[in-house]
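Here is a short report on the fold, for reading beside the sequence and the structure. Paired strands come first, then the helix that packs on a sheet, then the loops.

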Amino acid sequence: MAFETDVSELAKVVKAAEQHWWAAARSEEVTNDKPFNVNIGDMPVVLWRDNDGMARAMEDRCPHRRAPLSLGCIRSEGWIQCGYHGWSFDGEDGRLKEIPNMKDKQKYPPVYRGNAFKVEESGGFIRICNSKNAVIPAPMGETMPMAGSVDVALDHVHFVNALFDDPSLIFHIKGVYFTPYLMSELIEENGRLTMERSCQWKTPHWPAPFSPEFPITLRITTDPVTGECDILLRDDDFNELLYATLAPVPAARGVTQVRWRAKIGANRPGIMAKLMGIGKSFAVLPHIDGAALRVLKPTASIHAEELRANIVAREQAEAISDGSEKVAA
Ligand code: FES
């Protein structure tokens, strides 16, 4: 029997993701001082800001001799300059702008053009897409104030499935216990994977340690390809206690880079909900508990692969049909 590797899963995700927008950075991570390097699958990416403050992203390989552009610098013109032989590129279209010591009248060979990504920035995230035909997505809402980035030593598919099966392996909400009980299985809603989990406050339950009361609910809605998810914690009166967005990106060597933002809700009745707003309310864990992960039973995630495949196949069929209608018109 052959062992399946996660490499094929990663390749499938990244392949399906060429039309998708990946949250490659938080806004504050990208500056005009220093290039910022990330990976989307096996594609190294460099991000920076030009002198208008626009976030730019290119493949992190110089078209000359493949040196990482992130080892270079950002010039006063807003171009990125390779640290090896000093060639400079415009991040808007990847065009070669300057070669040191080249006479003005000499033309730059067009083959030396960098691979520039489309970029969209909103809600405190910078999203990039490696497709020239990508449609800019609707901007996100406000920028949530709590934020962080972690590199988790777990591949993207298993990371997202662990999120479905036991969120306590992935993130922490102050004072909240995520029970194993689901209010709703993983289902598709408007092209996203959606589930709800019953939760309890971490208070002593008396006289028995077990309580059948579940006063709070965790709702997770997830993009089927990128795994970017919106998290909502609410009580049984539908008061929204906490919101978070997690953006996991498959990086190199089985690592998932996770960027997140969160905020607590304004109306949080009850002592535990009020206490949630003091100190560290939310955090994505930088390390996965391997012992707990090893024995974790797949529950919600058992439907995930089929749901993802159905949604992706339908989106691809719709894109083909849209394209043929445009050709016919
Ligand atoms: S490798 Fe970048 S300029 Fe030569």
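Two strands are taken to pair if DSSP finds at least two bridges between them. Helices (H or I, at least four residues) and strands (E, at least two) are DSSP runs, numbered from the N terminus. This is a predicted model: local features need pLDDT of at least 70, side-chain atom pairs count only at pLDDT 80 or more, and totals for chains, interfaces and linings use all residues. Residue numbers start from 1 along each chain as its sequence is written.

**Overview**

The protein has five helices and 19 strands. A residue is called buried if 20 or more other C-beta atoms lie within 10 Å of its own, exposed if 12 or fewer do, and partly exposed in between, with C-beta atoms placed from the backbone. Of the 329 residues, 36% are buried. Two residues are in contact if their C-beta atoms, placed from the backbone, lie within 7 Å. Among contacts with a separation of 6 or more, 54% join residues 24 or more positions apart.

**The hairpin of strands 2 and 3**

Strand 2 covers residues 36-40, and strand 3 covers residues 43-49. They pair in the antiparallel sense over five bridges. Phe36 has Leu47 in strand 3 as its bridge partner. Two residues separate the strands of this hairpin, and Gly41 in the turn has a positive phi of about 60°.

In a regular strand the side chains alternate between the two faces of the sheet. Strand 2 has a covered face made of Phe36, Val38 and Ile40. Its uncovered face holds Asn37 and Asn39.

**The three-stranded sheet**

Strands 1, 10 and 9 form an open sheet in the order 1-10-9, with antiparallel pairing. Strand 1 (22-26) and strand 9 (118-122) are the edge strands, and each pairs on one side only. The twist averages 30° from one strand to the next. For such angles, axes are lines fitted to C-alpha atoms, for helices over the stretch in contact, and values run from 0 to 180 degrees between N-to-C directions.

Strand 10 spans residues 125-129 and pairs with strand 1 over four bridges. Here Arg26 has Phe125 as its bridge partner. Five bridges join strand 9 to strand 10, and Val119 stands opposite Ile128. Strands 9 and 10 form a hairpin with two residues between them, where Gly123 takes a positive phi near 60°.

Pro139 follows in the loop between strand 10 and strand 11. Pro139 counts as exposed because it has 10 C-beta neighbours inside 10 Å. Its C-alpha atom is separated by 5.5 Å from that of Ser122, 17 residues apart along the chain.

**The seven-stranded sheet and helix 2**

A second open sheet has seven strands in the order 11-18-17-16-15-14-13, with antiparallel pairing. Strand 11 (146-152) and strand 13 (176-189) stand at the edges with a single partner strand each, so one side of each has no neighbour in the sheet. The twist averages 20° from one strand to the next. Strand 17 (residues 240-250) and strand 18 (residues 256-264) pair over nine bridges, and Ala244 stands opposite Ala262.

Helix 2 (residues 156-165) packs on this sheet. Its contacts are with strand 11, strand 13, strand 14 (192-201), strand 15 (216-222), strand 17 and strand 18. The direction of helix 2 makes about 160° with that of strand 17.

How many of the ten residues of helix 2 are buried? Nine are, so the helix is largely enclosed by the rest of the structure. The buried residues include His156, Phe159, Leu163 and Asp165.

**Positive phi in two loops**

Most residues other than glycine have a negative phi. Asn190 and Phe238 take positive values. Asn190 sits in the loop between strand 13 and strand 14. Phe238 lies in the loop between strand 16 (229-235) and strand 17.

| Residue | Phi | C-beta neighbours within 10 Å |
|---|---|---|
| Asn190 | near 50° | 6, exposed |
| Phe238 | about 65° | 7, exposed |
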